[in-house]
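Trainee: Got a minute to walk me through this one? I'd like to know what I'm looking at.

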Amino acid sequence: MAQPQPSAKKQQELQVQYSNYKNTLQQIAQKIGDVEQETEEHKLVLETLEPLPQDRKCFRMINGVLVERTVKDVAPALKTNSEGLKKVLDDLLKQYKSKQDEMEKWKKKNNIQVVQQ
């Protein structure tokens, strides 16, 4: 037995909700990509600084201003930032998974089947 077709208004509401889910997932995925890239940059800098003498001068960008520091000053701050970025990344991945699960439940509840072209 075929399911009754929802009204045009209901179909439009469902389409808007589906688009909202897709847009939210896309935004979270973009943030994940940005944080992953920043984490990789931190890792590369830390790997570069590791073999250098602790008193060697280096430069760091802080709020758009290039400041002179030593490796001893910069490396701990970079490690802290890198760990923070990993936590943010974990949170974003959990948020993405949660939103994806929510969307799947919504699709089942509303009997939505997506046709890929």
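Mentor: Sure. One thing before we use the UniProt record: its annotations may be inferred rather than shown by experiment. Also, this is a predicted model.

Trainee: Okay, so where does UniProt place the "coiled-coil region" feature?

Mentor: The unreviewed UniProt entry puts it at residues 11–38 and 82–109.

Trainee: And how much of residues 11–38 is helix in the model?

Mentor: That span is 100% helix and 0% strand, with its end C-alpha atoms 41 Å apart. Residues 82–109 are also 100% helix and 0% strand, and their end C-alpha atoms lie 40 Å apart.

Trainee: Switching to strands. In what sense do E1 and E2 pair?

Mentor: Antiparallel, over six bridges. E1 covers residues 57–62 and E2 covers residues 65–70. Isoleucine 62 stands opposite valine 65 in E2.

Trainee: What about the turn, how many residues sit between the strands of that hairpin?

Mentor: Two. Asparagine 63 in this hairpin takes a positive phi near 50°.

Trainee: Now pockets. Which elements each supply at least two residues to the lining of the second largest pocket?

Mentor: Helix H1 (8–49), strand E1 and helix H2 (71–109). The lining includes Glu38, His42, Cys58, Phe59, Val74 and Leu78.

Trainee: How much space lies in there?

Mentor: About 150 Å³.

Trainee: And how do the lining residues divide into nonpolar, polar and charged?

Mentor: Seven are nonpolar, one is polar and two are charged. Glu38 and Arg60 are among the lining residues, and both of those residue types count as charged.

Note on methods: Residues numbered from 1 in each chain as written. Predicted model: local features only at pLDDT ≥ 70, side-chain atom pairs only at ≥ 80, totals over all residues. Heavy atoms only, no water. Pairing = 2+ DSSP bridges. Helix = DSSP H or I, 4+ residues; strand = E, 2+ residues; numbered from the N terminus. 1 Å grid on protein atoms, 1.4 Å probe; cavity = no way out; pocket = protein on both sides within 12 Å on 5 of 7 lines; lining within 4 Å. Points joined across faces, edges and corners; volume = space filled by probe spheres on them.
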